Amino acid sequence: MTLHLPHLFAHEQSRQNTLLDLSVLGTDGPGIEDALRAVMEQPQPRLVGIRCPAGSKAVDDAIGLMERVRRDYGVILTELVLADADRVDLREAVDEALDEACARNRFPRPSVVFTGRPAVSALTKS
């Protein structure tokens, strides 16, 4: 008996994890819908999360959008990247907003990454 197992072909590529940046797209309107559709219909990109500015309103909007993706596409986004989160007090406020938004939307709490502002190098200060 011969067992034939499927094998990867040279032209197949692995999927690329992708984040949608809400600071560019916003959370409502045709821009976000077009971006979501474009990512979900492509074979290579895999939407895994959202990037947005740090702040209670932005977190609430992001979790709402993550719930909409779960409802509309059947995909649970697991990452939330919060930009410009340098201050400790802001992080605590975001943590509370995240708990409230996840509870309200019945969405599992995503992994959260806080990013600071990009450093300005001495070479670009001239």
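## Two helices that cross, and what surrounds them

The axes of α2 and α3 cross at roughly 50 degrees and come within 12 Å. That angle falls outside the ranges for parallel, antiparallel and perpendicular pairs, so α2 and α3 are oblique to each other. The crossing in which α2 passes α3 is right-handed. On the α2 side, the contact is made by Ile-32, Glu-33, Leu-36, Arg-37 and Met-40, and on the α3 side by Leu-65, Arg-68, Val-69 and Tyr-73. Please keep in mind while reading that this is a predicted model.

### The chain as a whole

With that crossing in view, here is the wider layout. The protein chain has four helices and four strands. Starting at the N terminus, these elements follow the order β-α-α-β-α-β-α-β. The chain has 126 residues, and 29% of them count as buried. Its accessible surface comes to about 8500 Å², with 53% of that belonging to carbon and sulfur atoms.

How much of the contact in the chain joins residues 24 or more positions apart? Among contacts with a separation of 6 or more, such pairs account for 75%.

### The nonpolar core

The largest nonpolar core holds 26 residues, and the members that touch the most others are Leu-20, Ile-50, Val-59, Ile-63 and Leu-80. Two or more residues come from each of α2 (30–41), β2 (45–53), α3, β3 (79–83) and α4. Which element gives the most to this core? It is α3, with seven residues.

Val-59 is a good place to look at this core up close. Neighbours within four places in sequence aside, Val-59 is in contact with Leu-80, Leu-82, Val-94, Ala-97 and Leu-98. Leu-80 is itself listed with Val-59 among the core residues that touch the most other members.

### Along helix α3

Helix α3 spans residues 56–73, and Ser-56 is part of it. Is Ser-56 buried, partly exposed or exposed? Its relative accessibility is 38%, so Ser-56 counts as partly exposed. Residues up to four places away in sequence not counted, Ser-56 touches Ala-93 and Ala-97. Ala-97 also appeared above as a contact of Val-59.

Further along α3 comes Ala-62. Its relative accessibility is 0%, and therefore Ala-62 counts as buried. Beyond its neighbours within four places in sequence, Ala-62 is in contact with Leu-22, Ile-50, Cys-52 and Leu-80. Ile-50 and Leu-80 are both familiar from the core.

Glu-67 lies in α3 as well. Although its side chain is an acid, Glu-67 is buried, with a relative accessible area of 12%. Once neighbours within four places in sequence are left aside, Glu-67 is in contact with Asn-105, Arg-106 and Phe-107.

### Two loops and a strand

Arg-106, one of the contacts of Glu-67, sits in the loop between α4 (88–105) and β4 (111–114). Arg-106 is not a glycine, yet it has a positive phi of about 50 degrees. At 72% relative accessibility, over the 50% cut-off, Arg-106 counts as exposed.

Another loop, between α3 and β3, holds Ile-76. Ile-76 is partly exposed, with a relative accessible area of 44%. Its contacts, neighbours within four places in sequence aside, are Arg-70, Phe-107 and Pro-108. Phe-107 is thus found in contact with Ile-76 and also with Glu-67.

Strand β2 brings us to Val-48. At 11% relative accessibility, under the 20% cut-off, Val-48 counts as buried. What does Val-48 contact beyond its neighbours within four places in sequence? The residues are Asn-17, Thr-18, Leu-19, Leu-77, Thr-78 and Glu-79.

### Residues brought together

The table lists four pairs by their separation along the chain and by the distance between their C-alpha atoms.

| Pair | Separation in sequence | C-alpha distance |
|---|---|---|
| Ser-56 and Ala-97 | 41 residues | 5.3 Å |
| Val-48 and Asn-17 | 31 residues | 6.0 Å |
| Ile-76 and Gly-49 | 27 residues | 8.6 Å |
| Ala-62 and Ile-50 | twelve residues | 6.7 Å |

Ser-56 and Ala-97 also touch, as do Val-48 and Asn-17 and Ala-62 and Ile-50.

Technical notes
Residues numbered from 1 in each chain as written. Predicted model: local features only at pLDDT ≥ 70, side-chain atom pairs only at ≥ 80, totals over all residues. Heavy atoms only, no water. Buried < 20%, exposed > 50% of the residue type's maximum accessible area, 1.4 Å probe, protein only. Contact = heavy atoms within 4.5 Å. Areas by Shrake-Rupley, 256 points an atom, 1.4 Å probe, with all protein chains shown as cover. Core = buried A, V, L, I, M, F, W, Y, C linked by side-chain atoms within 4.5 Å. Axes fitted to C-alpha atoms, helices over the stretch in contact; angles between N-to-C directions. Parallel < 35°, antiparallel > 145°, perpendicular 65-115°, else oblique. Left-handed = near helix turned anticlockwise from the far one by under 90°.
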